[in-house]
Amino acid sequence: AQRTTQVVLFFGQSVALISGPIVSKAYALGNYEEITRLSRKTAWLAGIPTLALAGLIALFASPIMSMFRPEFADYAHILQILLLGPLLLTLGGLHT
């Protein structure tokens, strides 16, 4: 279940990778307002697809878990709970 939730981190990590140099430049120039703006924009840009993907995985948690072993379908709620971590991390903004 934990490895499945790592798929949800893809969007946040991708956007953070792209925006990292922009944040560095803004910091070097002392433009802290730009860093705040970029953090909010990044949270939205990565947050929407992350929320959609997490919702799909949560909705189909039982079939996803049963792909590993049929008896794992009974523990779909664990996958749903584990999805909260990557979701909150991505929606929290650019701070990783």
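This note covers one buried threonine and the salt bridges in a predicted model.

1. Thr 90 lies in helix α6, which spans residues 84-91. Its relative accessible area is 7%, and burial is set at under 20%, so Thr 90 counts as buried.

2. The side chain of Thr 90 has a partner on the backbone: the oxygen of Pro 86, at 3.0 Å. Leaving aside residues up to four places away in sequence, Thr 90 touches Gly 12, Ala 43, Ala 46, Gly 47 and Thr 50.

3. Side chains of opposite charge can pair when their charged atoms come close. How many salt bridges are there in this model? The count is two.

4. One salt bridge joins Glu 34 and Arg 37, with 2.6 Å between the closest N and O atoms. Both residues belong to helix α3 (residues 32-59), and because they are three residues apart there, about one helical turn separates them. Glu 34 is partly exposed, at 24% relative accessibility. Arg 37 is also partly exposed, and its relative accessible area is 41%.

5. Another salt bridge links Arg 69 with Glu 71. Here the closest N and O atoms are 3.2 Å apart. Arg 69 has a relative accessible area of 47%, so this residue is classed as partly exposed. Glu 71 falls in the partly exposed class as well, with 39% relative accessibility.

Methods: Residues are numbered from 1 along each chain as its sequence is written. This is a predicted model: local features need pLDDT of at least 70, side-chain atom pairs count only at pLDDT 80 or more; totals for chains, interfaces and linings use all residues. Side-chain values use heavy atoms; hydrogens and water are left out. Helices (H or I, at least four residues) and strands (E, at least two) are DSSP runs, numbered from the N terminus. Buried means under 20% relative accessible area, exposed over 50%, partly exposed in between (1.4 Å probe, protein chains only). A polar contact is a pair of N or O atoms within 3.5 Å; within protein, one must be able to donate a hydrogen and the other to accept it, and residues adjacent in sequence count only if both atoms are side-chain atoms. Contact means heavy atoms within 4.5 Å. A salt bridge is a side-chain nitrogen of Lys or Arg within 4 Å of a carboxyl oxygen of Asp or Glu.
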